[in-house]
Amino acid sequence: MPRIDREAGPATAVAAVPAALALLGRRPRVALALAALPLAVAAFFRDPDRTPDGRTVPADDVLSPADGKVMYAGPGQEKVAPAGEWQQVSIFLSAFDVHMNRAPYGGRVTEVVQRPGRWLAAYTHESAHLNERADITVEREVDGELRRVHFRQIVGLMARRVVTRVAVGDEVATGQRVGLMKFGSRMDVFVPLECDLLVAAGERVVAGETVIARWPVVGGAR
């Protein structure tokens with residue numbers, strides 16, 4: 001059985017209230033049926049182990065930060081991408097996907113910005129800059145080259161809270177757990193232009209497993 005994140009506690013307790021009331025009202029069959037609700041809520045917060053939990057990821061690989069479906073992969077979109085020139089991968093998480101988020105690239109966290117906003121459906125273009133979100137930037141030097149990856153947690157119509165568990169100055173590994181979003185949401189990853197994008201719109205990706213982009217090898221295999 002996968003690990004359940006500690007954020008499950010309050011939501012699961014609330015979901016268990018109807019079953020408890022039915023039991024107090026001496027309606028055991030109804031209580032039994034309603035017991036499925038807190039189990040479903042707890043399952044939403046499942047946190048399965050992934051490959052980076054047991055091994056180091058190659059320095060050139062950028063991993064998917066979330067389970068879900070690729071909505072967009074290509075040049076950074078206007079009003080979505082940060083200032084500068086980026087390539088973008090946007091991933092939509094349904095309510096049935098694992099919602100634990102992982103760092104797409106390891107390094108030193110240089111920026112964490114929490115932005116309040118709306119709760120538009122996470123699959124819409126506008127959600128990227130109007131919804132509540134957290135922007136995180138990671139930097140890392142590889143062979144004398146400073147690499148920077150920016151990623152964003154975005155809540156959706158059902159998700160109402162971003163949980164971010166990294167702060168400026170933290171050192172994170174590629175694929176490390178960095179937080180979660182509750183009940184359906186979206187993640188955007190922005191990588192430099194020199195990276196090769198390895199996923200396309202419509203593909204399914206798995207957090208910490210799917211390589212979504214890669215730095216080209218210069219001067220032979222690393």
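## Exercises on aromatic pairs and a domain contact

By the ring rule, the count comes to 2 aromatic pairs, where rings of Phe, Tyr and Trp (its six-membered ring) pair if their centres lie within 6.5 Å, and planes under 30 degrees apart count as stacked, over 60 as edge-to-face and the rest as tilted. This is a predicted model, in which local features need pLDDT of at least 70 and side-chain atom pairs count only at pLDDT 80 or more, while totals for chains, interfaces and linings use all residues. Residues are numbered from 1 along each chain as its sequence is written, and side-chain values use heavy atoms, with hydrogens and water left out.

**Exercise 1.** Classify the ring pair of Phe 44 and Phe 45.

*Solution.* The ring centres of Phe 44 and Phe 45 lie 5.3 Å apart and the planes stand at 80°, so the pair is edge-to-face. Both Phe 44 and Phe 45 are buried, that is, under 20% relative accessible area, with exposed meaning over 50% and partly exposed in between (1.4 Å probe, protein chains only).

**Exercise 2.** Classify the ring pair of Tyr 105 and Trp 215.

*Solution.* For Tyr 105 and Trp 215 the centres are 5.0 Å apart and the planes are at 40°, so this pair is tilted.

**Exercise 3.** Describe how domain 1 and domain 2 meet.

*Solution.* Begin with the bounds: the domain assignment (automatic or from a database) gives domain 1 as 3-47 and domain 2 as 53-214. Next, the contact (heavy atoms within 4.5 Å) takes 8 residues from domain 1 and 16 residues from domain 2. Finally, count the salt bridges, each a side-chain nitrogen of Lys or Arg within 4 Å of a carboxyl oxygen of Asp or Glu: there are 3 between domain 1 and domain 2.
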